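Visitor: I am new to this structure and would like a close look at one part of it, the aromatic rings and what surrounds them. Could you take me through that part slowly?

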Amino acid sequence: MSDAKTAIDYAHKNRERFTNELSEFIKIESISTDDEYKTQVEKAAEWAAEHLRQIGIENVKLMPTGGHPVVYGDWLNAKRPDAPTVLIYGHYDVQPVDPIELWETSPFEATIQGDYLFARGSSDMKGQVMATLNAVESVMKTGDFPVNLKFLLEGEEEIGSMNMGNFLPKHKDLFKADFCLNPDAGAISADEPTITFGLRGLAYFELHVYGPPRDLHSGLFGGTVHNPAQALAELIAGMHDENGTVTLPGFYDAVRPVTEQEREATAKLPTTPESYLQQTGVPALWGEKEYTPALRTGARPTLEINGLLSGWTGAGSKTVLPAKAMAKISCRLVPDQDPAEVQKQLMKYVEEHAPKTITWEVKSLHDSPWAITDINTNGVRAMAAAMETVWGTPPLYRREGGSIGVVAMLQNICGVESGLVGGGLPDDNVHSPNERMHLPTWHKNMDAFIHFFFNMK
Ligand code: BES
Ligand code: MN
């Protein structure tokens, strides 16, 4: 016999060990974007694989993708003849830690302060991966597991799942499942369990501007040679108008309009202008006036400058006219925008606006598709009921501004719908210094995942 209560008791008794295991996982510096960390990324994959084996998962293997490996495993021994198969998704890679000087604790040493565990990857998403695996272990060790399980843990989520589009079609059948539980999407707050049904896509570029073949003396040549840093600033400043609307030609052509129904539903969510102000610490918000902040991030596309590079940025001063300048630019995409089209629109914008005084180049780094998931699936119903049991309140449903490339790929390539959940909170400092995870939410999510497995029909 097995039941949720026995499994939850097991989870509660093992909380300290679970925290220690998460700390071990966190220690591995699995920064996927930086080649210098390649062996660490591989080590994190091996650690996750070994952990799957330890909790009773079978056929565990690292699968090559052309980039960082996918960790696969399964357990297909459910006794019920009609037991569904749940695919559990996670990523074991993390974002870089820069700017390191702003961290108050060491990024790869899990440090507990009050209700929070601080570390890179604590919230996004080693903590969420472990919450799910701890729930699996708790059910596995206390009785018969009620459903079949498969695992897909990737190492390139934070770099746009760039090899997943080639990898998945080759292993279509291996990843077939009735539902994918994806705990990478976070919640609105600790008291408001959340199911996310929309993710934005992403198209990531570098715009390089070249001037003279070498840096020049700014006194001898300034005013006569167009400064590439200035030319780049002029180009990117023109990519929005005064209303915050993106000016790339055709950028909004494929954008599905926000329906009245969606406006009303979004207006009821607790994500208000005030909550955005409070979470971000900025003096005032910015963006398209005819949309609320929740609609701007969930349902509208954007163009962001993610980084700028040019000239002298070290200590003190250097009077230089830089030879070149570069901007990292990414667009968040919504239905029905296509990353390849957006690249053409960016090229067209630069062609039309670049002055003759410079040369330029656009490099495409990676892209991820947007996703809208079906919330009328058995999986989402099972998860919603589980959340209501644990929190005493039904989940809120929202669209979210972040991207998880695999969600649309699982739909399109394997025909699998995802349930987007997770214990990440808006003030967890994900991708920022002092990333943290709220431990009470972590524990609640383990309980909810246990209920989910028993609810899953
Ligand atoms: N977990 C996040 C995405 C997310 C955050 C979804 C909050 C929903 C709510 C994920 O790890 C992430 O940050 N993804 C990157 C992907 C990108 C590089 C293609 C992102 O959104 O920037
Ligand atoms: Mn994540």
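Guide: Buried, in what follows, means a relative accessible area under 20%. With that cut-off, Phe-452 counts as buried because its relative accessibility is 0%, and Phe-179 counts as buried too, because its value is 1%. Please keep in mind that this is a predicted model.

The structure holds 9 aromatic pairs. In one of them, the rings of Phe-25 and Trp-47 have planes at 10° and centres 4.6 Å apart, so this pair is stacked. Since Phe-25 belongs to helix α2 (residues 15-27) and Trp-47 to helix α3 (residues 38-54), the pair ties together parts that are 22 residues apart in sequence. Both Phe-25 and Trp-47 are buried.

Phe-179 and Phe-452, the two residues described at the start, form an aromatic pair that is tilted, with 45° between the planes and 5.9 Å centre to centre. This pair links distant parts of the chain, for Phe-179 lies in strand β7 (residues 179-182) and Phe-452 in helix α14 (residues 439-455), 273 residues apart. Phe-179 and Phe-452 also belong to one aromatic cluster, which they form with Trp-75, Phe-145 and Phe-453.

Charged side chains enter the picture as well. Returning to Phe-25, one finds Lys-126 over the face of its ring, at 5.2 Å from the ring centre, while Arg-436 lies over the face of Tyr-116, at 3.7 Å from the centre of that ring.

Key:
Residues numbered from 1 in each chain as written. Chains lettered and ligands numbered in written order. Predicted model: local features only at pLDDT ≥ 70, side-chain atom pairs only at ≥ 80, totals over all residues. Heavy atoms only, no water. Phe/Tyr/Trp six-rings, centres within 6.5 Å; stacked < 30°, edge-to-face > 60°. Helix = DSSP H or I, 4+ residues; strand = E, 2+ residues; numbered from the N terminus. Buried < 20%, exposed > 50% of the residue type's maximum accessible area, 1.4 Å probe, protein only. Lys NZ or Arg CZ within 6 Å of the ring centre and 35° of its normal.
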